[in-house]
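Subject: Structure handover

Hello,

Here is the structure I said I would pass on. Please look through it before reading the notes underneath.

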Amino acid sequence: MDETVAVYDAGGNVVGAAPRSRVYADGLWHASAGVLVRSSDGRRLYVHRRSDTKTVFAGMHDCLAGGVVDPGESPLQAATRELAEELGITGLNPVPLASAAWDGEWAGSPMRCHLFAYRVTYDGPIRHQASEIADGWWWTDDELADRLAAPDWPFVPDTRVLIPNLLHR
């Protein structure tokens, strides 16, 4: 099924909705929301590897659980929904961290996305949605930064844009 997602303009305003396949094929501006999960001591963050069946950035690593914003949904609502779907974490109120626009390429096509990042503090169990997340673990900010320094390490490019606002360095 081709999911419908909210379509934005370059300024970050919702202007309509379109099937995800059209958004990706035509490089339409859309939005995604993701949540950085930190341990209560603030020293670790949750990093995961996306499943190999994901449409976008399959098999790559990320430190935000997230996805596209649906029509009629705010970025905060999307972040809360995605946190529950991908990691099984519920009952928390994500706090805004950063936002940015990402205008790059994916599979040879333009990809234009407004990114909204949030954070939560959590030490409980994590339950991966197998269709979304292949594996996950806790790392310090320095461990993630060391991996990101290797240009061949597959990390999602849109989250990479937000890294300076996400890591405690």
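The notes below cover the annotated residues, the helix that carries them and one loop residue.

This is a predicted model, in which local features need pLDDT of at least 70 and side-chain atom pairs count only at pLDDT 80 or more, while totals for chains, interfaces and linings use all residues. Residues are numbered from 1 along each chain as its sequence is written, and side-chain values use heavy atoms, with hydrogens and water left out.

The UniProt record, an unreviewed entry, lists residues 28-161 as "domain: Nudix hydrolase"; UniProt positions are in the numbering used here, feature names are shortened, and annotations may be inferred rather than shown by experiment. That stretch is 19% helix and 40% strand, with its end C-alpha atoms 19 Å apart. Helices (H or I, at least four residues) and strands (E, at least two) are DSSP runs, numbered from the N terminus.

Under "binding site", the same kind of record, unreviewed, gives Glu 82 and Glu 86. Both Glu 82 and Glu 86 belong to the lining of the largest pocket. A pocket is an open set of points on a 1 Å grid over the protein atoms alone, where a 1.4 Å probe fits, with protein on both sides within 12 Å along at least five of seven lines; lining residues have an atom within 4 Å of a point.

Glu 82 lies in helix H2, residues 75-87, and Glu 86 is in H2 as well. Glu 82 is buried at 6% relative accessible area, and Glu 86 is buried at 2%; buried means under 20% (1.4 Å probe, protein chains only). Contact means heavy atoms within 4.5 Å. Not counting residues up to four places away in sequence, Glu 82 touches Ala 65, Gly 66, Gly 67, Val 68 and Leu 87. On that basis, the contacts of Glu 86 include Lys 54, Arg 127, His 128 and Glu 132.

H2 has 13 residues and reaches 18 Å from its first C-alpha to its last, close to the 18 Å expected at 1.5 Å a residue, where the expected span is 1.5 Å times one less than the number of residues. Its buried residues include Pro 75, Ala 78 and Leu 83. Those buried residues fall within an arc of 135° seen down the axis, so they line one face of H2; the arc is that of the directions from the helix axis to the C-beta atoms.

Glu 132 sits in the loop between strand E8 (109-121) and strand E9 (133-139), and is buried at 17% relative accessibility.

Regards

Notes:
Buried < 20%, exposed > 50% of the residue type's maximum accessible area, 1.4 Å probe, protein only.
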